[in-house]
Amino acid sequence: MSEVDASVTRDSGPGLTARLFQSREVGAILAVFVLVVLGSFIRSDVFLSIDNLLGIVRNTAITAIIGYGMTMLMVSGEFDLSVGSLMAVCGALVATLYTGGYPIVFVVLLVLLFAALYGLFQGLMITKLGLPSLIVTIGTLTLLRGVNLVILRGQTATIPDDIYPTLLFAIGGVVDLGLNSGLVDRFPLQIVWTVVFLILGYYVLNKTAFGYRSMFTGGNQESARRTGIKTDHVKIINFMLVALLAAFAGMGQLAFTQAVSPSTGSGVELIVIASVVIGGTNLFGGKGSMPGTFLGALVFALTQNILVLAGLGVRLFQVFTGIFIIAAVLIEVLSRDLRIEYFTEEYFSPLRSIATDTRSFFEYVRSDVQGIDEPLIFAAVGALIWAVVTLVVMGAVDAIFGWDFSFIIVTPGVASIGTLPLMALMITAGLLLLTGVFLHASLKVIGTRRDFDTTLQGVIYSFAPAVLLFVPVLLMGWNFVLPVILGAVAIIALPILYLLYASTQVLHEINGRDAALAVGATVVLWGLVAVYTITQLAAVS
């Protein structure tokens, strides 16, 4: 009880910035802001048009509507990977049954009943038999994908205009306003349903006993059970809820496109789960946000739209999906107690100490730093800084001078926003890991008694100057002559070598000679790697 009171006291008076960073929706809010600015920069005339903005919101409909149900399910501690396949099957059932002569009201009710029973079946399998939702829903995903093929017989089913039913139109049609105003002439009804379900979902999650029971179940199932909450019932109802919303989304998509194919719904489940996580729902249950889920869906709709406007189609959409999922998990971890001081404590304070009093800093690491969590945060922030600086300088120079930039798979444009940070993290991680392995192997020969984590701590902090990697990366991208590039690399490498020497001597408690030998052996091993790499590249060229 005292912990709860302390938490309330601590958070009782945060400022606006602190409240923003502590909100569950912070990742989605920042992502939407950045994407809107980016879209305005790329093609403001098209991006900011009313028709385009309405199209973006409509494109959130499928993801958001299913996402509201997924939010409830994930809050209660489970998830469902079969929602995309279920959405396709429900659309296929409506299309084939209705065109087969059955009344649309009967067909819609029958499909909703099927979805509810399907959700009940999954819920019972997982709660009563104790099967993991991952395995069960992967199985049902595959099963429903096959069922969809059987229903459609491998072909696309369509609903002709002359028999297009009013009920289906109300679920996902487009209203012709007939205003001829030049602003908005056609309005997709899926936007209305997206907002309606958002309001209902918010009310259920935050204002009803069932919402609180779901959060309690996902937060601590055993405690919830002891207080009398029927946790199995809560999860089963949420499985039924997400199934019903997937069915409704499938019918809405059918109403909008008037067609359903064997590939309909493919990959939807991953985008839905990613949107929910980006929106602030805890991966392990207990906390969630309906507005956050809508914002998460908006992130993906904006990304697709911007990629099209940038002339990239959707080739990189899966890349961005993966990046957004990883970023969402990082935000989920960091935002639990995020403050502006967090970055100064975890990055800038160590950086200042390394620069001003190197040996005292590594003495502090040896005595007070446990594990590699803090060093990894330090390395990640440094990698992101040099990636962002590279993006800004690359974009500015490209816009002002028109210099061609090409670094491996990175070129100026919207794609670089996703690929360069990912590459920066991979390059940094590779440098740190190989250096750690080489240095620790050398130290083992010398006779160190410290473990690999200790070596890795020293290596990570010693690579603090690697934040300047944007300099050689930019020079390589602009095709500067090799001596200039190597000079930039040397300027960064020299302080790194000194820091490696100092950290090795302090953390492993060895004399200066042995530390110099270990670092020297590491340099030799890196030289062999460089020679081998250059040889292979020369052979290819």
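How many residues apart in helix H12 are Glu222 and Arg225? The two are three residues apart, about one helical turn. This pair appears in one of the close-up views described below, which are drawn from a predicted model.

**Figure 1. Overall make-up of the predicted chain.** The protein chain comprises 541 residues, of which 47% are buried. Its secondary structure consists of 24 helices and four strands. Of the contacts between residues at least 6 apart in sequence, 75% join residues at least 24 apart.

**Figure 2. Salt bridges of Glu222 within helix H12.** Glu222 forms a salt bridge with Arg225, with an N to O distance of 3.0 Å. Glu222 also pairs with Arg226, where the closest N and O atoms are 3.4 Å apart. Helix H12 spans residues 221–226. Along this helix, Glu222 and Arg226 are four residues apart, a separation of about one helical turn. Glu222 is partly exposed, with a relative accessible area of 39%, and Arg225 is likewise partly exposed at 39%. Arg226, by contrast, is exposed, with a relative accessible area of 70%.

**Figure 3. A salt bridge between helices H7 and H13.** Across the whole structure, eight salt bridges are found. In this view, the side chains of Lys128 and Asp232 meet in a salt bridge with an N to O distance of 3.4 Å. The pair links distant parts of the chain, its members being 104 residues apart. Lys128 belongs to helix H7 (residues 104–128), whereas Asp232 belongs to helix H13 (residues 231–257).

**Figure 4. Surroundings of the buried residue Asp80.** Asp80 is located in the loop between helix H5 (61–75) and helix H6 (83–99). Although buried, Asp80 has no salt bridge. Side chains of opposite charge can pair when their charged atoms come close. For Asp80, the nearest side chain of opposite charge is that of Arg145, 11 Å away; a salt bridge requires a distance within 4 Å. The side chain of Asp80 instead takes part in polar contacts, one of them with the side chain of Ser82 at 2.6 Å. Another polar contact joins the side chain of Asp80 to that of Gln122 at 3.0 Å. When residues up to four places away in sequence are set aside, Asp80 touches Met70, Leu73, Gln122, Thr137, Phe239, Val242 and Ile273.

**Figure 5. A salt-bridge network that includes Glu509.** Glu363, Arg366, Arg450 and Glu509 are linked in a network of salt bridges. Glu509 is placed in the loop between helix H23 (482–507) and helix H24 (512–540). Although Glu509 is not a glycine, its phi is positive, at about 55 degrees. With a relative accessibility of 55%, Glu509 counts as exposed.

**Figure 6. The edge-to-face pair of Tyr164 and Phe169.** The structure contains 16 aromatic pairs. Among them, the rings of Tyr164 and Phe169 have centres 6.2 Å apart and planes at 90 degrees, so this pair is edge-to-face. Planes over 60 degrees apart meet the criterion for that class. Tyr164 counts as partly exposed at 21% relative accessibility, and Phe169 is also partly exposed, with a relative accessible area of 29%.

**Figure 7. An aromatic cluster of phenylalanine and tyrosine residues.** One aromatic cluster is formed by Tyr347, Phe348, Phe361, Phe362, Tyr364, Phe378 and Tyr461.

**Figure 8. Arg58 over the ring of Phe256.** Arg58 lies over the face of the Phe256 ring, at 3.7 Å from the ring centre.

**Figure 9. Backbone geometry at Gln258.** Gln258 occupies the loop between H13 and strand S4 (259–260). Gln258 is not a glycine, yet it has a positive phi of about 60 degrees. At 22% relative accessibility, Gln258 counts as partly exposed.

Notes
Residues numbered from 1 in each chain as written. Predicted model: local features only at pLDDT ≥ 70, side-chain atom pairs only at ≥ 80, totals over all residues. Heavy atoms only, no water. Buried < 20%, exposed > 50% of the residue type's maximum accessible area, 1.4 Å probe, protein only. Lys, Arg positive; Asp, Glu negative; His and termini not counted. Polar contact = N/O pair within 3.5 Å; in protein donor to acceptor, adjacent residues only side chain to side chain. Contact = heavy atoms within 4.5 Å. Phe/Tyr/Trp six-rings, centres within 6.5 Å; stacked < 30°, edge-to-face > 60°. Lys NZ or Arg CZ within 6 Å of the ring centre and 35° of its normal.
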